[in-house]
Structure formats: structure tokens, C-alpha cells
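This report looks at empty space inside a protein model, and then at charged pairs and a patch on its surface. Please keep the structure in view while reading.

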Amino acid sequence: MKAIIIGASSGIGEALAVKLAEEGYELGLTARRYDLLEGLAKKIKTKTFIEKMDVSDFDSARMCLNNLFIKMKDIDLVIISAGTGHINESLDFKPEQETIDVNVTGFVNLADCAYAYFQKRGSGQLAGISSIGALRGNPVAPAYNASKAFVSNYLEGLKVKSYKGKENIFITDIRPGFVDTAMAKGEGLFWVSSPTVAAEQIYDGIRKKKNVAYITKRWWLIAVVMRGLPFSLFRKL
């Protein structure tokens, strides 16, 4: 089995790399911080390829992913874990643009590249790390929640595309709640998972080829409430 993890230098991506290596996967790992990838590769016992990738450098990122496809050959799974977000109450444009460049444009660029590869291969699985935040807007990080809503919706579109095209391509939307990483920002966080626990449950969702996997599993309760909450009540939270 072979997998590529985009955004593997820290947090959920790093924990997933360790988990997949334990499950016997040969890995391709990408991130901006190459030195961290080198350290991670030394910890992993399975065969590992590492590539420096800036998801917001669109042409270079796509070339990097295609290079891994060529080097590794016959990839079963691609996980797009790279993402960013900012607390931005003042709505400065620069952090909003950075979020969109990475979480929206960068995501689409690499998701399309992976999907095209699996079409040629005849099968495969693409997993994208969205967020529980995809369900509603966020007044202090509006671009982040909106970008994750885009990711979930885009992945659903790819699921329908695969179904209608009778393609053997599985799409999994991973929706974490709070995970103890640098991305978990703000006060009053609850149900915070460790990256290791999150990775174990993400792998379980991928292995079962779930359409949507909430991480940790109890976050589906929040999802039910959030989806059904009228805006008149939601705005007061």
C-alpha cells in the first residue's frame, strides 16, 4: 500500500504519517518545512519519499505531486492535510487571502491532480481534511470556516462525479473538531483530541471508505445541532 500526505510536517498530517507507517504504508510526504519532513522520515520505518511543497505556489505544488506519482508508482491514497487559518476580527485582507490561497485554490489544484491520477490508474482514494467549522460561519475567522465549507462541498462534488462516471474512486471528507495542534486557536475549546487519537480515527474512516468522518466521532452530535440551529439563535452563541 502507498499513500501521499500533503501537509505532513506537523499536527494531524504528521500523526497520520506515523499511523500509516505503522500500518505498513510506503509514504510520500510533502510540506513547506523540509527540515521537519527530514526529521519525520527518520522516525518512520517504512520506505518514505519527501518533497518540499508550498500549496499556495500552485504550479510548483502540482509538479511536486506529479513527481511523487512518478517516483512512487501505483498510489492507493492521497490525503490533503495542508491548511491554514487566522483569527481576523479586523478583516484584514492579507490573512483572508492567505487562507483562500491555501485552503481553497491550493486544495482544488491538488485534489484535481489526484483525481486525474486515480482516473488514469482506475482506482484510488482521496481524503481531504475539512473541519467541523465548515457547518457554519465564524465571526472572528470568516475565511477559515468558509474555506472549509468549500472543501466539504467540493469533495461531495467529486463523490457524485465518481458515482455518475462509475469510477472506482472513493472520496472521504474528514471533519475534525478541536485537535491539539497549532491550528486550534481561540478560547473555550472543548473535546480537544490529541493528534494521535485523531489520526487513529481518521485512518479508521479512510479504511472504511466513509463519505464523511467526524473526528472525534462524538463531534457528529455537534454537527446535528449546528445544522439545525436557526440563525436567530446561532448568532447569539
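In this predicted model, the count of cavities of 30 Å³ or more comes to one. The largest cavity holds about 40 Å³ of space. Its lining is made up of I80, A82, V102, N103, F107, I129, K148 and V151. By class, six of these residues are nonpolar, one is polar and one is charged. Helices α4 (93-121) and α5 (142-164) each supply at least two residues of this lining, and α4 has the largest share, with three residues.

The second largest pocket has a volume of about 210 Å³. Its lining has 14 residues, and those nearest the pocket centre are Y25, D76, L77, Q125 and K209. The 14 residues divide into six nonpolar, four polar and four charged. At least two lining residues come from each of β5 (124-129) and α6 (195-207). With three residues, α6 gives the most to the lining of this pocket.

Turning to charged side chains, the whole structure has nine salt bridges. Three of them are listed here.

| Salt bridge | N to O distance |
|---|---|
| K43 and E14 | 3.4 Å |
| K19 and E23 | 3.1 Å |
| R175 and D173 | 2.8 Å |

Which parts of the chain does the salt bridge between K43 and E14 link? K43 lies in helix α2 (residues 34-43) and E14 in helix α1 (residues 11-22), so the pair, 29 residues apart, joins distant parts of the chain. K43 is exposed because its relative accessible area, 54%, is over 50%. E14 counts as partly exposed, at 25% relative accessibility.

In the salt bridge between K19 and E23, are the two residues buried or exposed? K19 has a relative accessible area of 16%, which is under 20%, so K19 is buried. E23, at 31%, counts as partly exposed. In the remaining pair of the table, both R175 and D173 are buried. Elsewhere, D204, R207, K208 and K217 are joined into one network by salt bridges that share partners.

The surface also has a nonpolar patch, formed by W220, L221 and V224. Together these residues have about 290 Å² of accessible area. L221 belongs to helix α7 (residues 219-228). Why can L221 be part of such a patch? Patch residues need over 30% relative accessible area, and L221 meets this cut-off because its value is 42%. At that value, L221 is partly exposed.

Definitions and conventions: Residues numbered from 1 in each chain as written. Predicted model: local features only at pLDDT ≥ 70, side-chain atom pairs only at ≥ 80, totals over all residues. Heavy atoms only, no water. Patch = residues over 30% accessible without salt bridge, like charges linked within 9 Å, V, L, I, M, F, W, Y side chains within 5 Å. Areas by Shrake-Rupley, 256 points an atom, 1.4 Å probe, with all protein chains shown as cover. Salt bridge = Lys/Arg side-chain N within 4 Å of Asp/Glu carboxyl O. Helix = DSSP H or I, 4+ residues; strand = E, 2+ residues; numbered from the N terminus. Buried < 20%, exposed > 50% of the residue type's maximum accessible area, 1.4 Å probe, protein only. 1 Å grid on protein atoms, 1.4 Å probe; cavity = no way out; pocket = protein on both sides within 12 Å on 5 of 7 lines; lining within 4 Å. Points joined across faces, edges and corners; volume = space filled by probe spheres on them. Nonpolar A, V, L, I, M, F, W, Y, C, P; charged D, E, K, R; others polar.
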